[in-house]
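Please examine the model shown below together with its sequence. The paragraphs that follow lead through its core, its strands and the surroundings of its ligand.

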Amino acid sequence: MAGLYVHIPFCVRKCIYCDFYSLETLNGSIPNRLKAPLPDHTEFLDALEHELRALPEGFRPTTIFIGGGTPTELSDANLRRLLDMIRTCVDVADVVEWTCESNPGTLTAQKGRMLKASGVNRMSLGVQSFDSANLEFLGRIHGPDDVRESFGLLRDTGFADINLDLIYGIPGSTLEKTRTDVEQILALQPEHASCYCLTFEEGTPLMDMKRKGYVAEVDAEEEREHYQLVRSLLRQAGYEQYEISNFARPGRICRHNLLYWGDGEYIGCGPSAHSHWRGRRSANVRSLRRYCRSLLSGDSPVDFEETLPAEAKARETLVMWLRRLDGVPRAAFQATTGYDYRELIGERIMELCALGVLEERDDVLRLSEDGLFVSNSVFAELV
Ligand code: SF4
């Protein structure tokens, strides 16, 4: 099992909380606040083509994920070129799941048809909320009606596997609004939902607003209430929670993401994209300019790479694997990493079990109900 990730680093407008690498483009041209002109979409696709053509021999992905950024912000012609390029440069014979991210307000029937005809069989839509005030606060370009329109368009195009992203814990929002958001999601009946609490990341306008005292993060108790509400509504409606923040109808888990939450191999293309291939972790430069310059002059866009020592890698695998609610089977972990987790870090595991945030039953280690709410602190104890 291996996956291909393709990062499209453009968005119509930057959301205030976003720390993904993406550049704001307004009507297709990138505003140039610097002296030297930035590469445009064509130059980016030229560079991406170089990177895709240089994929390693023997790389046959079973999943593809086109993310960003906003892939559907590309023009029809550029989206067509991107999809053709992937089909030409990548052996797609084994691909069982091909996802493309999109944001309401950037999707048209023509783009939907193009994606479907090229083999994309799963769409992920950045909904975030159905509340106009929440959407405006987050800096989203869409309103609630755009979500319904985009979703309907995808269904009409024949997409039978759709994920909707939701954000809760937005300053000024309420439990009632979170309930309404989840109910609106349920009304659309997607196959998958990803629900995250709003995080305040360094370098974002949202963090600036917090520093200036304009907004405050929801406290831990409030976050827990929102999370619990989201979980119970989705679970009551028949969605299985298979990861800390991810829910799916039976048989509709995202296979590509399972590669990240285990020891799967994947290759990322595009600026800032990460890879894990043949024991080596690497990341591309987080700069469109440097990415294009490197590839178009025949150099590698890789900015950082490491091969973790076996023990460190096993600990990292344990932490990623614990994100899955079905937990870490001891035997499977040993077969994958060569380590018995009890010998690797047994004392710490016992302490965390005693604290009630981890539990081990029938040789399967998993986060407890309480552990789900403090997963990041648990993971920090294990790496
Ligand atoms: S649309 Fe997504 S990737 Fe683009 S700025 Fe907003 S959150 Fe970031």
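Which residues touch the most other members of the largest nonpolar core? In this predicted model, they are Leu48, Leu52 and Leu82, and the core to which they belong holds 88 residues. Helix α2 gives the most to this core, contributing six residues. The core is also drawn from two domains, with at least three residues from each of domain 1 (2-260) and domain 2 (310-382). In soluble globular proteins, nonpolar side chains tend to be buried together.

Helix α2 also leads to the strands. Strand β4, residues 63-68, pairs with β5 in the parallel sense, and four bridges join the two. One position can be located exactly: Phe65 has Thr99 of β5 as its bridge partner. Between β4 and β5 the chain passes through α2, residues 76-89, and the resulting β-α-β crossover is right-handed.

Is strand β5 mostly covered or mostly uncovered? This strand, residues 97-102, is mostly covered, since five of its six residues are buried. Besides its pairing with β4, β5 pairs with strand β6, residues 122-128, in the parallel sense over four bridges. Here Ser102 stands opposite Leu125 of β6. The path from β5 to β6 runs through helix α3, residues 109-118, and this β-α-β crossover is right-handed. In a regular strand the side chains alternate between the two faces of the sheet.

A further set of strands is found later in the sequence. Three strands make up an open sheet in the order β15-β17-β16, with antiparallel pairing. The edges are formed by β15 (328-329) and β16 (358-361), each of which pairs on one side only. Between β15 and strand β17, residues 364-367, the antiparallel pairing extends over two bridges. Within that pairing, Val328 has Leu365 of β17 as its bridge partner.

The remaining topic is the ligand. Which residues surround the ligand? Its shell consists of Cys11, Arg13, Lys14, Cys15, Tyr17, Cys18, Gly69, Thr70, Asn103 and Arg140. By character, these shell residues divide into four nonpolar, three polar and three charged. The sequence positions may be compared with the strands described above: β4 covers residues 63-68, and Gly69 and Thr70 are among the residues around the ligand. Likewise, β5 covers residues 97-102, and Asn103 is one of the shell residues.

Key. Residues numbered from 1 in each chain as written. Predicted model: local features only at pLDDT ≥ 70, side-chain atom pairs only at ≥ 80, totals over all residues. Heavy atoms only, no water. Near = heavy atom within 4 Å. Nonpolar A, V, L, I, M, F, W, Y, C, P; charged D, E, K, R; others polar. Buried < 20%, exposed > 50% of the residue type's maximum accessible area, 1.4 Å probe, protein only. Pairing = 2+ DSSP bridges. Right-handed = clockwise from strand over helix to strand, strands pointing away. Core = buried A, V, L, I, M, F, W, Y, C linked by side-chain atoms within 4.5 Å. Domains from an automatic or database assignment.
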